[in-house]
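Trainee: I have a model on screen and some questions about it. Can we go through them one by one?

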Amino acid sequence: MKRWKDMQNAADDEFLRQVGIPRANFETILEKIHAYLEAERTRNRMKTRGVKTTRLPVEDRLLLTFYYLRHHPTFQNLGDVFGISQGYANKRYHEYLDILVKVLRLPGRKALRDEAWMAVIIDVTEQPIERPGTKQRQWYSGKKKQHTVMVQLIVCLFTLQILSVTCGKGRMADFRLFKESKMPLAQALEKYADAGYQGLDKLFENAFTPIKKPRHRELTKAERAYNRALATLRVRIEHVNRRCKIFRVTKEVYRGHRRHLHKTWTVVAALVNYRYAE
C-alpha cells in the first residue's frame, strides 16, 4: 500500500483493489471530510490551538481507514504500511471511522417511513467474532456453531441501496432482532423476507415470507410457485451482502471491540451505496 501522493498515480483497477471504492468516490468523500473538519474548526476554535502536526495528512488518514476496512490487517501491520506506530494507527483509524459515520449517513429510520421506496428486502447475515470473555452463550450461533454477530440489512428492492443496518447478538433469532429494532416501516411498502421472518405479515401489510410446508401435507404447485417467485426477488439482497463483504472487516472474524461493530457496518454500507449508486 502506498501513501496518497503515490496512489494518485496508480491505475484505476489497482486503486479499487487497494481501497475498495473507485478513485472518484474517494475524492468526493475526501472533499466531504475537508468540509467537515473546516466546519468543526469554525465551530470550536479552541481545537486549533497548539502545535500543528504534519505527521499524517488528512488524505493519508482517510486512506489508512479505507485500507483497514478493505483488508482488515492488524494495527501493527497497518502502522508498518504507513510508517507510523501501532497506537497512532489505531487512534487515527477510530477517529476517522467516527467522522465517516457523520459524513456518510445512511437513509436511516426516517427513510423507511417514505413510501417512495415502494418495496424493501429484509435479511440477516452473520459475522464471526472472537469468543467473548463473558456471557458467551448470548453470542453463540447454533446455526454457525461459533460466536457471531447478527447484522440485519434493509435494502430497496429496485435500487439495492442499503437503507438501514441493525446489529444483534448471535443467539438472537432473525424475527426477534427485527422486532427489537422497532423499524418504522411504512405500511404501503412491500416487504420481502425469508422464512426467519415468519409472522411479519401480522405486524405489517404487504409483507411476504415463504410458505412453510404443513405437517402431513406437501406444498401445492401454486405454493411452490409462490416460494420460487419470492426467492427470485429475495436473492437480490445476497448480492448486497457480497458487496459489503468485499470489505474484509465485515467478512472475517471481527477482532475489535463489539461496540464498534455497528459503526463499522454503517460505514461499509454507506461506501457500498456510494460505489453502486445508480
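Trainee: Is Arg 113 buried or exposed?
Mentor: Keep in mind that this is a predicted model. Arg 113 sits in the loop between α7 (108-111) and β1 (119-128). Its relative accessibility is 52%. The cut-off for that class is over 50%, so Arg 113 counts as exposed.

Trainee: Which residues form a positive surface patch?
Mentor: Arg 113 is one of the members. Lys and Arg count as positive. The patch consists of Arg 109, Lys 110, Arg 113 and Lys 182.

Trainee: How many helices and strands does the protein chain have?
Mentor: Take the extent of the chain before the elements. The C-alpha trace spans about 75 × 45 × 40 Å along its principal axes. The secondary structure comes to 13 helices and 6 strands.

Trainee: What share of the residues counts as buried?
Mentor: Buried means under 20% relative accessible area. The protein chain has 278 residues. The buried share of them is 48%.

Trainee: What kind of aromatic pair do Phe 15 and Phe 26 form?
Mentor: The structure holds 13 aromatic pairs. In the pair of Phe 15 and Phe 26, the ring centres are 5.7 Å apart and the planes stand at 80 degrees. An angle over 60 sets the class, so the pair of Phe 15 and Phe 26 is edge-to-face.

Trainee: How many residues apart in sequence are the parts that this pair ties together?
Mentor: Look at the helices. Phe 15 lies in helix α2 (residues 12-19), and Phe 26 lies in helix α3 (residues 23-43). The pair therefore ties together parts that are 11 residues apart in sequence.

Trainee: Does Phe 15 count as buried or exposed, and what about Phe 26?
Mentor: Phe 15 has 0% relative accessibility. Phe 26 has 0% relative accessibility too. With the cut-off at under 20%, Phe 15 counts as buried, and Phe 26 counts as buried.

Trainee: What kind of pair do Phe 75 and Tyr 93 make?
Mentor: Their ring centres lie 5.8 Å apart. Their planes are at 55 degrees. That angle makes the pair of Phe 75 and Tyr 93 tilted.

Trainee: Which helices does that pair link?
Mentor: Phe 75 and Tyr 93 are 18 residues apart, and their pair links distant parts of the chain. Phe 75 is buried at 16% relative accessible area, and Tyr 93 counts as buried at 2%. The helices are α5 (residues 75-82) for Phe 75 and α6 (residues 86-103) for Tyr 93.

Trainee: Which residues form one aromatic cluster with Phe 15?
Mentor: Phe 26, the ring partner of Phe 15, belongs to the cluster. The others named with Phe 15 complete it. The answer is Trp 4, Phe 26 and Phe 66.

Trainee: Now the charges. How far apart are the closest N and O atoms of Asp 13 and Arg 17?
Mentor: Side chains of opposite charge can pair when their charged atoms come close. The structure holds 11 salt bridges. Asp 13 and Arg 17 are 4 residues apart in helix α2, which means about one helical turn between them. Their salt bridge has its closest N and O atoms at 3.7 Å.

Trainee: How many residues apart are Lys 263 and Asp 98?
Mentor: Their side chains meet in a salt bridge at 2.7 Å, N to O. The pair links distant parts of the chain, with Lys 263 in helix α13 (residues 261-275) and Asp 98 in helix α6. Lys 263 counts as partly exposed at 23%, and Asp 98 is partly exposed at 31%. The separation is 165 residues.

Trainee: Which residue forms a salt bridge with Arg 248?
Mentor: The closest N and O atoms are 2.7 Å apart. Arg 248 counts as partly exposed at 31% relative accessibility. Its partner counts as partly exposed at 25%. That partner is Glu 252.

Trainee: Which residues are linked in a network of salt bridges?
Mentor: Two arginines and a glutamate are involved. They are Arg 61, Arg 92 and Glu 95.

Trainee: What distance separates the C-alpha atoms of Ala 11 and Tyr 88?
Mentor: Ala 11 is found in the loop between α1 (4-7) and α2. Ala 11 is partly exposed, at 41% relative accessible area. Ala 11 and Tyr 88 are 77 residues apart along the chain, and their C-alpha atoms are separated by 29 Å.

Methods
Residues numbered from 1 in each chain as written. Predicted model: local features only at pLDDT ≥ 70, side-chain atom pairs only at ≥ 80, totals over all residues. Heavy atoms only, no water. Patch = residues over 30% accessible without salt bridge, like charges linked within 9 Å, V, L, I, M, F, W, Y side chains within 5 Å. Areas by Shrake-Rupley, 256 points an atom, 1.4 Å probe, with all protein chains shown as cover. Salt bridge = Lys/Arg side-chain N within 4 Å of Asp/Glu carboxyl O. Charge placed at Lys NZ, Arg CZ, Asp CG, Glu CD. Helix = DSSP H or I, 4+ residues; strand = E, 2+ residues; numbered from the N terminus. Buried < 20%, exposed > 50% of the residue type's maximum accessible area, 1.4 Å probe, protein only. Phe/Tyr/Trp six-rings, centres within 6.5 Å; stacked < 30°, edge-to-face > 60°.
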